[in-house]
Amino acid sequence: MSDLYLIFIFIYALLIVTRTSLVELFYFLPVLMALILLLKPKRALFKHLGFLLGFEGLLFILALFTPGKPVVTTPLGVITYEGIQRFSLLLGKAFLSSSAVVVVSNSLGFPYILAEMETLRFPRILVLTLAFTYRYLELFEEETLRMKRALDSRAFNIGKIEYYKKLGMLIGEIFARAYMRSVRIHWAMLSRGFGEFPKVVEEKRGEPIVLTLIALGVALL
Amino acid sequence: MIELVNVHFSYNNREVLRGISLKINDGEVFGILGPNGAGKSTLIMHLNGILKPKMGKVIVNGIEVNKNPKEVRKIVGIVFQDPNDQLFSPKVFDDVAFGPYNLGLRGRELEERVEKALRLVGMEGYKNRETKELSFGEKKRVAIATVLAMEPEILVFDEPFANLDFRGKKMLRELIEKFRGEKTIILSSHEAEYLTLCDRIALLDGGKVIKVGSPEEILGNADLLREHNLDVPPLVDLFSSLGLEIPKSIEEAKRKLKKVLI
C-alpha cells in the first residue's frame, strides 16, 4: 500500500500521453483535482504549477505555427487552427502528467518519492542521481543568488549590454563551480565507502484512496 | 599509525606537495598548521586515498593506501572543510547512514549508529530534517556526525573550527577530548589558536613540512609563525613570554595563571 503513489503517477502519466484528443484529456483534470484535494499540498504548489504551465507552454510554442487554416498572423508566423489544437494537446499532456509528480512531491516531500523508488527497486544509480539533483538544486540556486547579488552590488554605471554580458559570464561560472563541487562531493562519497546507497528509511503513509485513483485512471482508459 | 614517505603531488603542473614525510602515532592528537595554499587539504586527501601521490607512499596501520584504499577508508574518516561538499543526501538520516550502510550495517543497528553519532554532535532530533533546512553550523555538525557514524580509528578534520559559533566550537573541543587517546585525531587549520589542544603539530608551507614539534615548540615560536604568515594566538604569546607550557584550554590557562600570580 505504501508504494502506490509512484505507480499511480506512472499509470496516470502513461494514460495521459496516449490520449489523442483534448476531450479525452479533459477527463483527467478531475483526477488531478482529486489528487490535490486529497494530499492538501502547500500553497506554493499553485505557484509551482503556474511556472510549470508557463515553461511547458514555451516549450511547445512552435506547435502553434503548424500549417493549416489561419487564425491570426503574428510577426513570428501564422497561428493556425490545427496549430492551436496541437499546442493545446501537447501542453495538456505535458502539464497534466508532470503536475501529478509536482503535487505528490510538494505535499509528501521529494524524499518520499525517492523512498518509494527504492522500495520499487528502481536502479540505485537513478535514485542516487535524483537525490543529488534535489539536494544540489537548492545549493545551485543559493550560489546563483549570491553571485547575482555580488554582480548587482558592483554593476552600477554600466550599460545593459555590458550587464547582460557579465550575467552570461556569471552563468558560465556557476556551471564551472557546480562541476568543482561535484568533484568534491564524489570525494566525500568515496571517503565513506561509496559503493551502495543506503535505504531511505521513511515512515510511509498507506492510503487506500490511491487505489481508487488508480482504478479511476484505469477506468478512464 | 600513519606514515607518509616522501609524498609528492601536483595538480596539472602545479606541485602542491613536495616530499612530505611524517609519522603520526596511534592515539595522538596531531595538528597540521599552515597558511592558505600550504597543501593541508591536499595532504589530508592522501590519508584515505582520495588523492594518490605522484611519488612516495602513504601507509595507514601497515596498509599502503594506494594498494587498498577501500580498506583504509574504513579506518580513516575525513570531515571536509565545507559541509555542503560532505552532505549530499536530501535528509539528515540518509547522509549519516551512508557510511555505516556501506560498512554493512542494516535495520535497527544502522538506526542506532546514526542516532548515536547525532547525539555526539548535539544534533539528536534532527534525523528527519531536510539537509537544506539546516544552518551552516548545523550542517557542519551533521557533517562531523556522518564520519563519527562510521566509528573510524582515525578522525581527520579539515579546518573544523571554521564558521562554527561558540557552541559548535565547544562541542568540537569536547568531542576531541572525549576521543583523546582512544582514536588518532588529525586537525588541520591555518589558525594556530585551535591547535593548542594537539599533542604534536606539523607546520606546513609551500607543500613542505617546515617543522614538527610540540605546541610549545611550534606555537610558542612567534617568529616562526610570522615568517609563515600565521597569527600568533594572544594566549600562546602570553604563556610563551612567561616561559610557561601552553595550555590546552581556557580553564587550564586560568589554573596556570592563578599558580603564577599567587
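Two strands are said to pair if DSSP finds at least two bridges between them. In this predicted model, that criterion places Phe30 of chain B in a notable setting, since Phe30(B) has a bridge partner in E8(B), namely Ile186(B). Phe30(B) also has a bridge partner in E9(B), and that residue is Arg200(B). The strand that holds Phe30(B) is a suitable place to begin.

Strand E3 of chain B spans residues 29-33, and 5 of its 5 residues are buried. The side chains of this strand alternate in direction: Val29(B), Gly31(B) and Leu33(B) point one way, while Phe30(B) and Ile32(B) point the other way. Residues on both faces of E3(B) are buried. With strand E8 (residues 184-189) of chain B, E3(B) forms 5 bridges, and the two run parallel. With E9(B), E3(B) forms 4 bridges, again in the parallel sense.

These pairings belong to a wider arrangement. Chain B contains an open sheet of 6 strands in the order E6-E7-E8-E3-E9-E10, and the pairing within it is mixed. Which strands stand at its edges? They are strand E6 (76-79) and strand E10 (208-213) of chain B; each has a single partner strand, so one side of each is left without a neighbour in the sheet. From one strand to the next, the twist averages 15 degrees. At the E10 end, the pairing is antiparallel: strand E9 (residues 200-205) of chain B and E10(B) are joined over 5 bridges. Within this pair, Ile201(B) is found opposite Gly213(B) of E10(B). E9(B) therefore pairs in the parallel sense with E3(B) and in the antiparallel sense with E10(B), in keeping with the mixed pairing of a sheet whose edge strands, E6(B) and E10(B), each have a single partner.

A further sheet in chain B is open and has 4 strands, ordered E2-E1-E4-E5, with antiparallel pairing. Its edges are formed by strand E2 (14-24) and strand E5 (63-64) of chain B, and because each has a single partner strand, one side of each lacks a neighbour in the sheet. Strand E4 (residues 55-60) of chain B is joined to E5(B) by 2 bridges, and these strands run antiparallel. Opposite Ile59(B), in E5(B), stands Glu64(B).

Attention may now turn from the strands to a helix of chain B. Is helix H4 (residues 92-102) of chain B largely enclosed or left open? Because 11 of its 11 residues are buried, H4(B) is largely enclosed by the rest of the structure. The buried residues of H4(B) include Val92(B), Phe93(B), Val96(B), Phe98(B) and Tyr101(B), and also Asp94(B), Asp95(B) and Asn102(B). Among the elements that cover these buried residues are helix H5 (107-120) and helix H6 (136-148) of chain B. Just after H4(B), Gly104(B) adopts a positive phi of about 105 degrees. As for the confidence of the prediction, chain B averages a pLDDT of 91, and 100% of the residues score at least 70.

Chain A is built from 9 helices and 2 strands. Read from the N terminus, its elements follow the order α-α-α-α-β-β-α-α-α-α-α. Of the 221 residues of chain A, 22% count as buried. Among its contacts between residues at least 6 apart in sequence, 70% join residues at least 24 apart.

The domain assignment divides chain A into domain 1 (4-120 + 200-220) and domain 2 (124-191). The centres of these two domains, taken over C-alpha atoms, are separated by 29 Å. Their contact takes 4 residues from domain 1 and 4 residues from domain 2 of chain A. On the side of domain 1 that touches domain 2, there are 3 nonpolar residues, no polar residues and 1 charged residue.

The last topic is the interface between the chains. Here, 24 residues of chain A are in contact with 27 residues of chain B. On the chain A side, helix H6 (110-119), helix H7 (124-154) and helix H8 (160-191) each supply at least two residues. H8(A) gives the most, with 8 residues. By class, this side of chain A has 15 nonpolar, 3 polar and 6 charged residues. For the complex, the predictor gives an ipTM of 0.70 and a pTM of 0.70.

How values were computed: Residues are numbered from 1 along each chain as its sequence is written. Chains are lettered from A and ligands numbered from 1 in the order in which they are written. This is a predicted model: local features need pLDDT of at least 70, side-chain atom pairs count only at pLDDT 80 or more; totals for chains, interfaces and linings use all residues. Two residues are in contact if their C-beta atoms, placed from the backbone, lie within 7 Å. Ala, Val, Leu, Ile, Met, Phe, Trp, Tyr, Cys and Pro count as nonpolar, Asp, Glu, Lys and Arg as charged, and the others, Gly among them, as polar. A residue is buried if 20 or more other C-beta atoms lie within 10 Å of its own, exposed if 12 or fewer, and partly exposed in between; C-beta atoms are placed from the backbone. pLDDT is the predictor's confidence in each residue, from 0 to 100. Axes are lines fitted to C-alpha atoms, for helices over the stretch in contact, and angles run from 0 to 180 degrees between N-to-C directions. Domain bounds come from an automatic or database domain assignment.
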